[in-house]
Amino acid sequence: ENEILNNPYTRLNLPSSCMGPHNHTFFEFNIVENGMCYQSVDNGIVNECTKGEVHLIRPYEIHDISFSNKNSVWRDIYIKVDTFKQICSLFGNDFYNKILSIKEPLRYKTTSEEFNIFQKKISRLSQMLLNKEQYIIEIDVIYKSIIMDIIEKIIEKDITIKANAPEWLNDLYLRLTYYDYVELTITEIVQKTGFSQGYISNLFKKYYGETIISYHNKMKVLYSVNMLGKMKIIEIANSLGWENPKNYSIEFKRVYGVSPKAYELMLRKHLQKNK
């Protein structure tokens, strides 16, 4: 517990013989940065964790980890419960409880491209932590964006649909979640269902905890991050259905805490420092 008080963001773990079984009151992502590690959770099966693999450790889960050789390295990213709840709320009102209810260990194997993106963001975060007072806002933004990226990847292939919701509504939810409708307007999306917008909105909020407009805007914001730096902000806004870029900025800030222009500036600074 003292570790997160002194360093509430991240820690790089260099090779040691073993980190004994332990648990804690906060969430923790383990990312294998090199080599191979072995980890078990709650005395379960010992899993081989290869480079690029990510594990989510939840509060009070007993876990231990050991290294395969001297070249093996993994990183911890710590998340306080309140912060994790705040981020989970972006994925739905009941998403936090869903994360806690899943019995099996939560793990994900990144692609080379995804791992490189994580590494660049983590590298930038580590650099900013050397001058915390200078980068207070930037640290919070990039730290939360790393966590959001990882959560999104872990759940991307195993999103739990609502068993009691109509099949067509679950299909709509999944298409929104996987960005199939990211460039469509709500009117165009509604037309595909054959129902009225009011009827869909009421059902969507009943089963997924928020309006379809709110969820669609959130998915568009998450999608738009990969477009920053490659297109002008006004072009991104227009391509995703915002005629007024200010409305895009409002939605972006609601998710990431800063404007898209500020986020893009941080990305540009990061790229310049890593040339």
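**View 1. The cysteines Cys-49 and Cys-37 in this predicted model do not form a bond with each other.** The cysteine sulfur closest to that of Cys-49 belongs to Cys-37, and because the two sulfurs are 6.3 Å apart, they are too far from each other for a bond. A disulfide would call for a pair of cysteine sulfur atoms within 2.5 Å, and the structure holds 0 disulfides. Cys-49 is nevertheless a buried residue, with a relative accessible area of 2%, and Cys-88 also counts as buried, at 0% relative accessibility.

**View 2. An open sheet is formed by 5 strands with antiparallel pairing.** Read across the sheet, the order of the strands is β1-β8-β3-β6-β9. The edges are taken by β1 (10-13) and β9 (106-109), each of which has a single partner strand, so that one side of each is left without a neighbour in the sheet. From one strand to the next, the twist averages 20°.

**View 3. Strand β6 (residues 53-57) is paired with β9 in the antiparallel sense.** The pairing of β6 with β9 extends over 4 bridges, and Leu-56 has Leu-106, in β9, as its bridge partner.

**View 4. Helices α2 and α4 are seen here against the strands of the sheet.** Helix α2 (residues 81-88) lies across β3 (27-34), β6 and β8 (73-79), and its direction runs at about 85° to β8. Helix α4 (residues 112-129) packs on the sheet as well, where it touches β1, β3, β8 and β9, and its direction makes about 110° with that of β3.

**View 5. Ile-122, a residue of helix α4, is shown with the residues that it touches.** Ile-122 counts as buried, at 2% relative accessibility. Leaving aside residues up to four places away in sequence, Ile-122 touches Ile-31, Glu-33, Arg-75, Ile-77 and Ile-146. One of these contacts, that with Arg-75, joins residues that are 47 residues apart along the chain, while their C-alpha atoms are separated by 9.6 Å. For the protein as a whole, among contacts between residues at least 6 apart in sequence, 71% join residues at least 24 apart.

**View 6. Tyr-60 has a positive phi although it is not a glycine.** The phi of Tyr-60 is about 75°, and the residue is found in the loop between β6 and β7 (63-67). At 57% relative accessibility, Tyr-60 counts as exposed, whereas buried residues make up 48% of the 275 residues in the protein.

**View 7. Helix α9 (residues 212-224) packs with helix α11 (residues 245-256).** The angle between the two helices is about 85°, and their axes are 9 Å apart; α9 and α11 are therefore roughly perpendicular to each other. On the α9 side, Asn-217, Lys-218, Val-221, Leu-222 and Ser-224 take part, and in α11 they meet Tyr-248, Glu-251, Phe-252, Val-255 and Tyr-256. The residues of this contact of α9 with α11 divide into 6 nonpolar, 2 polar and 2 charged. These two helices belong to a protein in which there are 12 helices and 9 strands.

How values were computed: Residues numbered from 1 in each chain as written. Predicted model: local features only at pLDDT ≥ 70, side-chain atom pairs only at ≥ 80, totals over all residues. Heavy atoms only, no water. Axes fitted to C-alpha atoms, helices over the stretch in contact; angles between N-to-C directions. Parallel < 35°, antiparallel > 145°, perpendicular 65-115°, else oblique. Contact = heavy atoms within 4.5 Å. Nonpolar A, V, L, I, M, F, W, Y, C, P; charged D, E, K, R; others polar. Pairing = 2+ DSSP bridges. Buried < 20%, exposed > 50% of the residue type's maximum accessible area, 1.4 Å probe, protein only.
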